[in-house]
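Please look through the sequence and the structure shown below, and then read the briefing that follows, which takes charged pairs and the nonpolar core in turn.

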Amino acid sequence: MADKNLNINIIAKDKSKQALNSVQGNLNKTKNAVSKLKVALIAIGAGAALRSIINITAKFEDLRTALSSVTGSARSGAEAFSFISKFATETQFGVDTLTETFIKLKAAGIEPTRELLTTFTDTAAVTTDQIGSLNAMTDLFARSISGGLGLEDLNRL
């Protein structure tokens, strides 16, 4: 048997550095895309918040205008709005709901005093549909004073 030596030259190329550089580049692109998305979402959120603030402000201005109309002057309307705003902090009802109640009562010729509103809100607070109950009581009371009370109003309550 003959001894033969086999010499093989192995040339290896390190491609791991190139692969890691490619991954790093892709991560940087992803990071930039996420940053841009974050900025876009913040802008959308800010726009929605601004729109909501504008809508709420417009609604409160409408309520103030209605109060001015039903009380007879802008000053009386402002005083009524101040009263309702303070009263709202003592109940679970919002300014808008209490303002609507105030307007309905005042339009029917009933003076919406703190005692009357407290009675209405306390009564409505123990029901399952608090806002619906407050509206039904207000309508019932306003119509009974003006002579327009009907069975439908009693059924709502």
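In this predicted model, Glu 79 has a relative accessibility of 46%, and because partly exposed covers the range between 20% and 50%, Glu 79 counts as partly exposed. The partner of Glu 79 in a salt bridge is Arg 75, which at 65% relative accessibility counts as exposed.

**The pair within one helix**

- The closest N and O atoms of Glu 79 and Arg 75 lie 3.5 Å apart, and the structure holds 5 salt bridges, three of which are described in this briefing.
- Glu 79 and Arg 75 both belong to helix H2, where they stand 4 residues apart, which is about one turn of the helix.
- As a general point, side chains of opposite charge can pair when their charged atoms come close.

**Pairs that link distant parts of the chain**

- Arg 114 and Glu 90 also form a salt bridge, and the closest N and O atoms of this pair are 2.8 Å apart.
- This pair links distant parts of the chain, since Arg 114 sits in helix H4 while Glu 90 sits in the loop between H2 and H3, 24 residues apart.
- Arg 114 counts as partly exposed because its relative accessibility is 33%, whereas Glu 90 counts as exposed because its relative accessibility is 53%.
- Lys 104 and Asp 139 meet through their side chains in another salt bridge, with a distance of 3.2 Å from N to O.
- Here too the pair links distant parts of the chain, with Lys 104 in helix H3 and Asp 139 in helix H5, 35 residues apart.
- Lys 104 counts as partly exposed because its relative accessibility is 30%, whereas Asp 139, with a relative accessible area of 12%, is buried.

**The nonpolar core**

- The largest nonpolar core has 19 residues, and those that touch the most other members are Leu 67, Ile 84, Leu 98, Phe 102, Leu 105 and Leu 134.
- Two or more residues of this core come from each of helix H2 (74–88), helix H3 (95–107), helix H4 (114–125) and helix H5 (130–146).
- Leaving aside residues up to four places away in sequence, Leu 67 touches Gly 77, Ala 80, Phe 81, Ile 84, Thr 99, Phe 102 and Ile 103.
- As a general point, nonpolar side chains tend to be buried together in soluble globular proteins.

Methods: Residues are numbered from 1 along each chain as its sequence is written. This is a predicted model: local features need pLDDT of at least 70, side-chain atom pairs count only at pLDDT 80 or more; totals for chains, interfaces and linings use all residues. Side-chain values use heavy atoms; hydrogens and water are left out. A nonpolar core is a set of buried Ala, Val, Leu, Ile, Met, Phe, Trp, Tyr and Cys residues joined through side-chain atoms within 4.5 Å. Buried means under 20% relative accessible area, exposed over 50%, partly exposed in between (1.4 Å probe, protein chains only). Contact means heavy atoms within 4.5 Å. A salt bridge is a side-chain nitrogen of Lys or Arg within 4 Å of a carboxyl oxygen of Asp or Glu.
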